[in-house]
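Q: Could you walk me through this structure, taking the questions as they come up?

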Amino acid sequence: MLIYEATIKKWNDLHNMNNFRLRYPSEVVVQFVFHHFPRGKSLRLLDLGAGSGRHTFFLASEGYKVTASDVSDSAIDYINKMTLEGEFHNIETSVNSASHLPFESDSFDGCISYAVLYYLTYSQIELAFQELFRVLKKDGVAFIVVRSTDDHRFRKGNEIEKNTFIIHENDSNKSSFHENGMTMHFFSRDELTELTSSFSQVFIDRIDQTMNNCEFVESNFLVKLVK
C-alpha cells in the first residue's frame, strides 16, 4: 500500500502544475463518444481517472451528465474550480480509487477511463474491472485505454510483480521521466480477455505511435466493453 500511496502523492504534485493540466480531449475518446453515446439523451457517464478534467469538460459540453472520479485531491479540486468558473451544472465529482467506487450498482450508461488503470497493481486492476462492471447499467458501454507490453516504458524500472514496475527513466526528454516512482502495469491481450470475461461483449484493439524519429513507441490497447 505504501507503493500506491507514493503514486497518489506523485499525482497530487503533478496536478498542481499547470503544464500537466491537459485541456483537450484525446481524439480516440472523441470518436468513441460520438459513435457510442447518442446526443440529446440524458445519459449519465463516468470519467474514471478524470485527472484535470479534459474528458469531463468535453462530455459535459456535449450535454451528458458526468461524474468525474479521481484518486487525486488536487485533480478534483481543479475540476471543481473549473466547473464553477465554466458554470457547468451537469458535473459531479468524487475522490476515490478505481478499485473501490462509491457509486450504486447500475448507475452509469457509460464510462471513459483513459490511461488510468495501468497505474494500479494487478490485484487492484482486477477489483477495478469488477467495480466497473458493477456500476454500469445493463448494456452500458465502457472505453478503456491501457498500455501494452510493447510500450517503450516496459521493463524500465523495478519489477514488483509480473509486468508491473516501479518506473525509473533517466531520459528527461521522455514523458515517462515524470512517472518515475509510479507503479505501472503493462497488459497483454490474453490478460485483458481474462480480466473482462464478465462483460457480454469485448473488443480489444491497439494503437501504436512512434516518437522521436521512430526511436521508441507508445503502445496502447483500446478496449470497448459492453455489460
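Q: Let's start with serine 148, is it buried or exposed?
A: This is a predicted model, and in it serine 148 has a relative accessible area of 0%, which is under the 20% cut-off, so serine 148 counts as buried.

Q: Where does serine 148 sit in the fold?
A: Serine 148 belongs to the loop between β5 and β6, the latter strand covering residues 157-161.

Q: And what does serine 148 touch, neighbours within four places aside?
A: With those neighbours left out, serine 148 is in contact with Phe186, Phe187, Arg206, Ser219, Asn220 and Phe221. In addition, the C-alpha atom of serine 148 is separated by 8.6 Å from that of histidine 185, although the two residues are 37 apart along the chain.

Q: Phe221 caught my eye there; what about arginine 189 and phenylalanine 221, how far apart are they?
A: Their C-alpha atoms are 8.1 Å apart in space, while in sequence arginine 189 and phenylalanine 221 are 32 residues apart. Setting aside neighbours within four places, arginine 189 has contacts with Ile204 and Phe221.

Q: Which element holds arginine 189, and how accessible is that residue?
A: Arginine 189 lies in helix α6, which runs over residues 189-195, and with a relative accessible area of 45% arginine 189 is classed as partly exposed.

Q: Back to β5, then: what can you say about valine 141?
A: Valine 141 is part of strand β5, residues 136-147, and its relative accessible area of 12% is below the 20% limit, so valine 141 is buried. Not counting residues up to four places away in sequence, valine 141 touches Phe32, His36, Phe37, Asp109, Gly110, Cys111, Leu136, Lys224, Leu225 and Val226. The C-alpha atoms of valine 141 and glutamine 201 are separated by 9.4 Å, with their positions 60 residues apart along the chain.

Q: Switching to serine 69, which strand is that in, and is it buried or exposed?
A: Serine 69 is in strand β2, residues 65-70, and at 1% relative accessibility it counts as buried. Apart from neighbours within four places in sequence, the contacts of serine 69 include Leu46, Asp47, Leu48, Ser94, Asn96 and Phe103, and Ile76 is one of them as well.

Q: Which residues of α4 are buried?
A: The buried residues of α4 are Ser74, Ala75, Ile76, Tyr78, Ile79 and Thr83. As background, an α-helix has 3.6 residues a turn, so residues three or four places apart point the same way.

Q: What span do we get for α4?
A: The 13 residues of α4 should span 18 Å at 1.5 Å a residue, and the end C-alpha atoms are 18 Å apart, which agrees. After α4 comes glutamate 87, whose phi is positive, near 55°.

Q: And how does α5 work out on the same test?
A: Helix α5, residues 122-135, has 14 residues and reaches 20 Å from its first C-alpha to its last, close to the 20 Å expected. Its buried residues are Tyr122, Gln124, Ile125, Ala128, Phe129, Glu131, Leu132 and Val135.

Q: What about phi at asparagine 212 and asparagine 213?
A: Asparagine 212 has a phi near 55°, and asparagine 213 has a phi of about 60°, so both values can be set against the general pattern that most residues other than glycine have a negative phi.

Q: Where are asparagine 212 and asparagine 213, and are they buried or exposed?
A: Asparagine 212 is in the loop between β9 (201-211) and β10 (216-226), and asparagine 213 is found in the loop between β9 and β10 too. The relative accessible area is 53% for asparagine 212 and 79% for asparagine 213, and since exposed means over 50%, each is exposed.

Q: New topic: what lines the second largest pocket, and how much space lies in it?
A: About 200 Å³ of space lies in the second largest pocket, and its lining consists of Arg21, Leu22, Arg23, Tyr24, Pro25, Ser52, Gly53, Arg54, Phe57, Tyr78, Met82 and Phe88. The lining divides into seven nonpolar, two polar and three charged residues, with α3 (54-61) and α4 (73-85) each supplying at least two of them.

Q: Last one, what does the whole chain look like in numbers?
A: The protein chain has six helices and 10 strands, and buried residues make up 52% of its 227 residues.

How values were computed: Residues numbered from 1 in each chain as written. Predicted model: local features only at pLDDT ≥ 70, side-chain atom pairs only at ≥ 80, totals over all residues. Heavy atoms only, no water. 1 Å grid on protein atoms, 1.4 Å probe; cavity = no way out; pocket = protein on both sides within 12 Å on 5 of 7 lines; lining within 4 Å. Points joined across faces, edges and corners; volume = space filled by probe spheres on them. Helix = DSSP H or I, 4+ residues; strand = E, 2+ residues; numbered from the N terminus. Nonpolar A, V, L, I, M, F, W, Y, C, P; charged D, E, K, R; others polar. Buried < 20%, exposed > 50% of the residue type's maximum accessible area, 1.4 Å probe, protein only. Expected span 1.5 Å × (residues − 1). Contact = heavy atoms within 4.5 Å.
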